[in-house]
Structures are given as structure tokens and as C-alpha cells.
Amino acid sequence: MENMVNFQELVNLYCGKKIFLTGHTGFKGSWLLKILSLLGAEIKGYALEPQTSNDLFNLIGGNDLCDSIIGDLRNKKKLEKEILDFQPDFIFHLAAQPLVRLSYEIPVETFEVNAIGTANVLDSARLLNKKCSIILITTDKVYHNYEWIYPYRESDRLGGYDPYSASKACSELIIESYRNSFFNILKYEDHLKGIAVARAGNVIGGGDWAKDRLIPDIVRSLINQKPISIRNPNSVRPWQHVLEPLLGYLTLGVYLEKQPIEYSSAYNFGPQAEDALSVENMLELAINSWGSGEFMVEKQINQPHEAGLLKLDISKVKSELNWIPKFNAIKTINYTLDWYKAFIANSSSINEFTEEQIMNFINC
């Protein structure tokens with residue numbers, strides 16, 4: 001099976017369209033911002049300030065790619081004004097507090113940003129008197145995780161042990177409530193809003209410097225020639241390169257724009273079943289790709305709970321969107337570490353390298 005949506009089809013849909021992108025200064029948001037700019041979209045971003053000068057948003061000249069609004073999702077009045085002033089054709093909602101371990105430190109803020117922030121986006125969209133396709137990004141961790149070997153399907157029970165997972169499950173309940181109450185597909189001609197949800201697995205890729213995430217921790221250790229410290233070597237996750245789900249979101253947008261009633265639904269985006277690997281497996285691939293390195297396992301003393309096993313069933317996106325992952329685990333790791341190698345070699349040309357990776361990925 002080949003991906004149905006190619007680069008020209010994406011250009012045909014998104015070129016000249018107004019895209020409201022939340023989280024545009026973050027890791028995934030910056031990659032999506034770059035892609036949308038290559039497609040010729042008119043973009044308004046809404047997010048917090050990037051945290052460091054090495055954040056991907058700064059490296060790709062994000063301020064030149066969009067109308068960048070620095071704002072908090074919890075500021076409903078400001079968010080609403082920016083959305084209504086812009087009159088978007090699409091909303092891609094990526095902004096979030098995305099870290100499991102940090103959610104234990106700031107649980108209330110995590111719930112406010114991830115759950116109430118999503119409600120604020122939808123409530124603002126409710127006031128738009130025009131057609132708008134809305135793609136809301138949650139996570140693979142929205143499922144009530146029994147830690148069984150079976151991959152989770154979109155119809156499975158939602159839940160969450162830690163505050164991050166629970167906050168994202170809450171956001172899904174909010175989305176469903178708004179879809180039923182204000183954006184009901186039976187009354188589409190009245191509101192003209194298609195509402196889709198994308199649940200992605202663990203994404204990796206160049207430009208991620210976040211604390212307590214596997215690849216940034218690995219890269220920092222490799223650069224400093226120190227042993228890589230890992231917490232849960234046996235934990236299994238649906239790893240995928242960041243470009244995989246992002247092209248999936250854009251593909252979903254194509255279908256949602258054309259047939260909003262049919263595609264106002266939830267979709268899993270993840271790797272093939274054989275590429276859901278343990279942390280230790282991923283680490284070994286990374287060390288092999290880098291050409292050096294060693295790791296050590298941290299002693300688990302009073303560590304917060306993190307899920308040990310999580311897999312996604314992607315049969316729905318395969319059948320309904322004709323979407324399949326392009327990379328296996330080895331290619332995913334190599335593509336990711338190639339970005340960091342390029343950054344170390346010449347950070348001033350990383351914008352061009354990022355663009356090159358995007359185009360090579362789309363066309364492969």
C-alpha cells in the first residue's frame with residue numbers, strides 16, 4: 001500500500017489556507033510549522049515562548065514563518081480573540097504540557113493546560129461563523145493502560161494513571177462533549193465544523209531538547225561522552241519519527257476537509273507492530289547509529305509510576321486514510337541522530353537540513 005496523499009495534494013489543499021496552530025514553538029509544533037510553510041499556508045501560531053536558543057522554533061526562524069502569538073491556552077479571552085481575528089480554515093491544536101514526569105510536579109497546571117486549554121480552543125471555534133476543520137492532538141497515553149500485549153484501538157476505554165495521561169483522557173471527554181453538543185455531525189450544515197482527534201505514539205526526531213525524554217537524554221550524554229542513564233529499560237513504546245504523525249495529521253486534514261461528517265473521529269498514528277520496542281532496544285540502536293556510547297540503569301527509588309507496556313493499533317488509519325508508517329525503528333533512529341550530527345557539525349545550516357529531511361521524507 002502506498003500513502004494516498006502526496007506532496008502536491010498537500011500543497012493543493014493547504015497552500016493559501018489560514019492555519020491556526022497552537023503549540024507552534026514546541027518540538028512537534030515547530031516541525032509542523034516548517035512543513036506548513038513549505039506547503040504555502042498562511043499560519044498564525046499560539047504558544048508559550050520557546051525555552052532555549054537551541055529550540056527548533058528558533059533554529060528554523062519560526063518568527064519569519066508565521067504570525068507568532070505568545071500566549072497561554074488558559075487565557076481564554078486572548079485565545080478567542082486571536083482565533084476570531086484570524087478566521088482560520090484549519091485549527092491544529094498541539095499545545096500542551098507534554099511530559100509525564102513533570103505532570104507529577106505540576107498536576108493542577110497539567111490539567112488546566114491540557115483539559116481546560118482544549119475546551120478553550122473548542123469554545124473559541126464555536127464562535128466562528130465559517131467552515132473550519134479542526135484536528136486536535138492528544139496522545140497514545142489516553143487509553144486506560146492494562147499493560148497487556150494487545151494494541152489499543154480507538155474504541156477502547158480511556159483513562160490515565162499519571163496526571164499527564166489523565167489530563168489527556170479528560171481532554172478527549174471534553175472533545176466528545178463539544179462534538180455532541182455543539183458540533184454534532186447530524187447538524188453539520190449549521191455549524192460547518194469537522195472535529196477529528198489524532199492519538200500519536202512516542203515521537204522522536206531532531207530538535208527535541210526536553211528533559212526526561214529518551215532521545216534528548218541520549219543525545220546529551222553522547223555529546224558529553226558520558227554514560228546514558230535510563231530509568232525503565234524494559235518499557236515498550238510505539239516509537240516513531242516525528243514526521244510520521246505530522247504527515248498523518250495533514251493527511252487527516254485532507255480527508256476531514258473533503259468529508260467532514262465521515263472523518264470527524266479519532267485516529268491512532270503509530271509504528272508497525274514490530275517497531276514497538278523497549279527502551280533498551282532503542283538505546284542499543286542509538287548507540288550503534290552514533291558509533292559510540294554506553295548506558296547504565298538508574299536505581300528505582302521512590303520514582304513516579306510510568307507505564308511499562310503500550311502499543312497502538314493503527315489498522316483504522318491504514319484502512320480509512322490509506323496512511324502507513326514509512327520508517328522502521330532503525331531508519332527512525334538513524335534519521336533522528338543524523339539531525340543532531342548535522343546540528344553539531346554546523347548549527348547555522350540546520351534550517352536547510354531540517355527542510356531537506358522533510359522533503360526527503362515526504363518523497364520517499
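## An exposed loop residue

Ala273 is exposed, its relative accessible area being 65%, and this residue is found in the loop between strand E11 and strand E12 (277–278). The model described here is a predicted one. Although Ala273 and Glu355 are 82 residues apart along the chain, the separation given here is the one in space, and their C-alpha atoms are 29 Å from each other.

## The chain as a whole

The secondary structure of the protein chain amounts to 16 helices and 13 strands. With a radius of gyration of 19 Å, close to the 21 Å that the globule rule gives for 364 residues, the protein chain is as compact as a globular protein of that length. Measured out along its principal axes, the C-alpha trace spans about 60 × 45 × 40 Å.

Of the 364 residues in the protein chain, 57% are buried, while the area that the chain exposes comes to about 15,300 Å², with carbon and sulfur atoms supplying 50% of it. When contacts between residues at least 6 apart in sequence are considered, 81% of them join residues at least 24 apart.

## Strand E4 and its neighbours

Strand E4 (residues 90–93) is joined by four bridges to strand E1 (residues 18–22), and the two run parallel; within this pairing, Leu21 has Phe92 in E4 as its bridge partner. E4 also pairs with strand E5 (residues 132–137), again in the parallel sense and over four bridges, and here His93 stands opposite Leu136 of E5.

In a regular strand the side chains alternate between the two faces of the sheet. In E4, Phe90 and Phe92 point one way, whereas Ile91 and His93 point the other way, and all of these residues are buried.

## A buried lysine in helix H2

Lys34 lies in helix H2, which covers residues 27–38, and it counts as buried because its relative accessibility is 5%, where the cut-off for a buried residue is under 20%. The side chain of Lys34 makes a polar contact of 3.0 Å with the side chain of Asn351. Leaving aside residues up to four places away in sequence, Lys34 touches Ile60, Leu65, Asn351, Glu355 and Ile358.

## Helix H10

Helix H10 (residues 214–223) is mostly covered, since seven of its 10 residues are buried, namely Leu214, Ile215, Pro216, Ile218, Val219, Ser221 and Leu222. These buried residues of H10 pack against strand E7 (202–204), strand E8 (228–230), strand E10 (239–241), helix H13 (279–290) and helix H15. Just after H10, Gln225 takes a positive phi of about 55°.

## Aromatic rings

The structure holds 17 aromatic pairs. One of them is formed by Phe269 and Trp323, an edge-to-face pair with 5.1 Å centre to centre and 85° between the planes. Phe269 lies in strand E11 (residues 266–269) and Trp323 in the loop between helix H14 (315–320) and helix H15 (329–345), so the pair ties together parts that are 54 residues apart in sequence. Both Phe269 and Trp323 are buried.

Elsewhere, Trp209, Trp339, Tyr340 and Phe343 form one aromatic cluster.

Key:
Residues numbered from 1 in each chain as written. Predicted model: local features only at pLDDT ≥ 70, side-chain atom pairs only at ≥ 80, totals over all residues. Heavy atoms only, no water. Buried < 20%, exposed > 50% of the residue type's maximum accessible area, 1.4 Å probe, protein only. Polar contact = N/O pair within 3.5 Å; in protein donor to acceptor, adjacent residues only side chain to side chain. Contact = heavy atoms within 4.5 Å. Pairing = 2+ DSSP bridges. Rg over C-alpha atoms; globule rule 2.2 N^0.38 Å. Areas by Shrake-Rupley, 256 points an atom, 1.4 Å probe, with all protein chains shown as cover. Phe/Tyr/Trp six-rings, centres within 6.5 Å; stacked < 30°, edge-to-face > 60°.
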